[in-house]
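Colleague: Could you take me through one part of this model up close, and then show me how the rest is arranged around it? I would like to have the picture in my head before I go back to the bench.

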Amino acid sequence: MIPFIDLKTQQKKIRSKIDERIKNVLDHGQYILGPEVKELEKQLGVFSNSKYVLCCSSGTDALLLALIGLKLKQGEGVIVPAFTFASSAEVMPLLGAIPVFVDVDPNTFNIDCDNLIDALNTATQSGVKVKGIMPVGLFGQPSDMDKVKKFAENHGLWVLDDAAQSFGSTFNGKSVGSLCEVTATSFFPAKPLGCYGDGGALFTNNHEIYEIANSCHVHGMGKKRYEYERIGMNARMSTIQAAILLEKLAIFPSELKQRQTVANYYNLHLKKLELDIQLPTLHAEATSSWAQYTIVLPKTINRDKLQKDLSSQGIPTAVYYPIPLNEHEPYKNYPVANNELPITKLLSKSVISLPMHPYLSEDDIIFITKNINEMIINN
Ligand SMILES: Cc1ncc(COP(=O)(O)O)c(C=O)c1O
């Protein structure tokens with residue numbers, strides 16, 4: 001069986017260093033907000049060229065803290081793609097705010113900047129005042145930040161990048177984390193940079209956003225202990241997760257290169273097959289962290305059958321995501337740009353993600369693509 005994501009090989013490589021890091025935490029005993037959390041924030045700031053980094057309990061909490069830092073209020077709207085994971089949108093209603101769903105680009109699968117004006121107009125017609133945009137780097141590459149930011153500037157909106165999947169990627173040579181007002185990422189174990197539990201981080205150059213998020217992630221704390229300035233939550237990162245992440249971050253740059261090599265192998269061997277499938281397209285100004293390698297199948301292929309057939313040969317696949325967010329019951333009544341998201345609908349029925357991690361060899365890719373070929377021909 002080829003692992004869809006291979007955390008074991010990575011762990012073998014750095015196990016002794018991780019053991020040492022965990023031992024240090026057990027020795028000093030500061031399990032919450034210990035020195036490793038501060039060290040990690042510092043290193044992530046250097047890595048992403050971001051002034052303020054706040055490590056926290058998950059990617060979802062990083063998004064929520066970012067929205068609190070941006071002072072999003074009840075009834076206000078945020079434009080977000082419907083082709084994403086629930087976390088991107090669920091944090092808005094938690095604050096009484098409103099997700100405004102927008103379509104995605106058929107090539108990058110990220111926010112469709114030409115659809116932003118429709119999302120804004122639909123929201124306005126529904127009486128929703130839009131305050132910001134949340135692009136999502138869904139499969140590893142950032143959204144077209146030039147276009148997103150230009151639109152945001154023209155309409156007085158802020159931008160919060162959901163980089164749960166795209167941390168480690170770049171746009172115009174700049175790292176994710178430094179591309180807009182505020183960025184959130186996830187360190188869920190399966191992410192390109194993952195810990196061994198839940199974890200996340202927020203990145204910003206804006207001191208006020210950082211201050212509010214920092215206070216809120218420890219119950220709205222003020223300057224002194226047990227002095228509260230605002231209503232907050234518990235969204236702290238545990239020190240052991242920070243210790244693990246420090247060792248994972250040390251090998252992250254080389255793993256990103258390996259992920260690119262794996263993507264190149266896929267591109268090469270899938271192109272050779274001359275099948276009617278759409279391969280991932282990178283924006284000209286973007287690099288990807290290759291959280292997923294996702295292809296689009298033609299209508300004629302039965303995706304469920306293909307998944308079963310590949311699984312029977314030891315090749316796991318996944319579908320991110322089979323149902324657009326706006327079609328799920330809790331999200332059904334929120335505004336949808338032009339009341340339809342044709343690309344989101346199409347992709348939800350036709351995308352499939354193949355095994356992707358830094359430790360896949362060219363032989364693995366040849367095996368996977370050969371099987372895809374046989375199964376598509378016989379599908
Ligand atoms: C696009 C996106 N946003 C946000 C999240 C939330 O991250 P977490 O699971 O760390 O809360 C995820 C996690 O899968 C995600 O894929």
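Which residue in β9 stands opposite V53?

Modeller: Happy to. V53 faces F203 in β9. Before going further, please keep in mind that this is a predicted model, in which local features need pLDDT of at least 70 and side-chain atom pairs count only at pLDDT 80 or more, while totals for chains, interfaces and linings use all residues. Residue numbers start from 1 along each chain, following the sequence as written.

The two strands in your question are β1 (residues 52–56) and β9 (residues 200–204), and they pair in the antiparallel sense over five bridges. Strands here are DSSP runs of E with at least two residues, helices are runs of H or I with at least four, and both are numbered from the N terminus. Two strands count as paired if DSSP finds at least two bridges between them. Four of the five residues of β1 are buried, so the strand is largely enclosed by the rest of the structure. Buried means 20 or more other C-beta atoms within 10 Å of the residue's own, exposed means 12 or fewer, and partly exposed lies in between, with C-beta atoms placed from the backbone.

Another pairing is found in an open, antiparallel sheet of three strands, in the order β7-β6-β10. β7 (174–175) and β10 (286–287) are at its edges with a single partner strand each, so one side of each has no neighbour in the sheet. β6 and β10 are joined by two bridges in the antiparallel sense, and T170 has T287 in β10 as its bridge partner.

Helix α5 (residues 116–125) is also worth a look. Its buried residues are L116, D118, A119, L120, T122 and A123, and they pack against β2 (76–81), β3 (98–102), β4 (129–133) and α6 (145–154). Contact here means C-beta atoms, placed from the backbone, within 7 Å of each other. After α5 comes G127, with a positive phi near 80°.

Both β3 and α5 turn up again where the domains meet. The chain is assigned domain 1 (7–248) and domain 2 (252–378), with bounds from an automatic or database domain assignment. Their contact takes 44 residues from domain 1 and 32 from domain 2. On the domain 1 side, the elements giving two or more residues are α1 (7–28), α4, β3, α5 and β6 (170–171), and β3 gives the most, with five. That side divides into 22 nonpolar, 16 polar and six charged residues. Ala, Val, Leu, Ile, Met, Phe, Trp, Tyr, Cys and Pro count as nonpolar, Asp, Glu, Lys and Arg as charged, and the others, Gly among them, as polar.

As for the ligand, 15 residues surround it, and G59, T60, S87, A164 and S186 come nearest. Two or more residues of this shell come from each of α3 (59–69) and α4 (86–94). A residue is near the molecule if its C-beta atom, placed from the backbone, lies within 6 Å of it. The shell holds four nonpolar, nine polar and two charged residues.

Finally, the whole chain: there are eleven helices and twelve strands, and 49% of the 379 residues count as buried. The C-alpha trace spans about 65 × 60 × 35 Å along its principal axes.

Conventions
Two residues are in contact if their C-beta atoms, placed from the backbone, lie within 7 Å.
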